[in-house]
Amino acid sequence: MLPAAVLRRAQAELLDWGGRGVSVMEISHRSPDFMALAADTEARLRQLLDIGDEHVVLFLAGGATAQFSQIPMNLATPDQGPPAFVINGHWGHKASQYAALRGPVHIAARSDPLSIPPPADWNLPDDSAYVHITSNETVDGNQFAEFPQTPCPLVADMSSDLLSRALPLQRFGVIYASAQKNLGPAGVTVVIIRRDLLERAPSDLPPVYSFPQQLAKQSMMNTPVTFSWYLTGLVFEWVAEQGGVEIMAQRAKRRSAMLYDLLDRSGFYRARVPVPFRSRMNVTFDLAEADLLPRFVQEAEAVGLQGLKGHRVMGGLRASLYNALPLAAVEALVAFMNDFEQRWG
Ligand code: PMP
């Protein structure tokens, strides 16, 4: 979901962006106007997450999936141990599989998909090129509540929770996120990299996949996804206007608590994930009577509650509660669920 105010502004600017008589999609990405937009977008993100000079920010294409390959290409050099993976669900598993196509990987920990392996139990060699985690497992519905200090660079896929809370930036080697959950429309992928890690990139990488070469070209080695970049900038502006990531965190806590409270009170619904590991972005749950699931989804859709069917690999139900979702939407979901339980429980 995108903030309605952002969509209205994009609509208003579609035929005439800032008095230029054309939309942002119709100007050159090398024009001073687009370069200014790019710089402004980065500055806004830096401000929102308090990103200092020790990290660089890239706006790339290819989604988080491209990063599953691009990060090992740039960071896993032969003079280090294999990259380590903490697998806490669907996407972390996929990231490890893609890295394994490029060279050996080490599995530092693997949880059942409903929890997070405690950092004290990770088997993490000090010379690991990096350790990869998925801060919020979108499919499974678990989320790191805190981030550990690690002996090697911490790399985090934050595709489904970036901008939903403040972060201890100094703990991270790399943070990456595709835009389409909290940041904007699909297209652009934000990659935040500790500057010293850029030195690891082999010089013979295909230039478009090289972090240092993309940085040298301000993420514009080739034509970037300009409209997604622009809209993402508008979302950054919206987050700042709302009061920043602390406000996003408060809202996420409130939205998810409303739903988890209902799930925990009910014998009819069951939350999947144990309390310490629960995601504030994706709430996964089941019906005690699984046969009622198609009816639940159908009735929910009929009253405008969309996208509740769980991910195809996990089944069950999932409510995604991203930044732009108004609290009223969760209230409507809770009211519907109470009513459904009364009729079918
Ligand atoms: N990681 C996570 C945590 C995700 O939620 C997703 C997509 N939902 C991906 C990776 C893959 O992202 P993309 O489709 O943008 O490559």
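1. A polar contact here is a pair of N or O atoms within 3.5 Å; inside the protein, one atom must be able to donate a hydrogen and the other to accept it, and residues adjacent in sequence count only if both atoms are side-chain atoms. Glutamine 180 fits the bill: a polar atom of its side chain sits 2.9 Å from an oxygen atom of the ligand. Taken alone the ligand exposes 400 Å², and the protein buries 85% of that (areas by the Shrake-Rupley method with a 1.4 Å probe).

2. Before going on, note that this is a predicted model, where local features need pLDDT of at least 70, side-chain atom pairs count only at pLDDT 80 or more, and totals for chains, interfaces and linings use all residues. Residues are numbered from 1 along each chain as its sequence is written, and side-chain values use heavy atoms, with hydrogens and water left out.

3. Two further side chains to look at: aspartate 157 has a polar side-chain atom 2.6 Å from a nitrogen atom of the ligand, while tryptophan 91 places a side-chain N or O atom 3.4 Å from a ligand oxygen.

4. What does the shell around the ligand divide into? You'll find 3 nonpolar, 9 polar and 2 charged residues (Asp, Glu, Lys and Arg count as charged; Ala, Val, Leu, Ile, Met, Phe, Trp, Tyr, Cys and Pro as nonpolar; the others, Gly among them, as polar). Helix H3 (residues 63-75) gives the most to this shell, with 4 residues; helices are DSSP runs of H or I, at least four residues, numbered from the N terminus.

Note on methods: Helix = DSSP H or I, 4+ residues; strand = E, 2+ residues; numbered from the N terminus.
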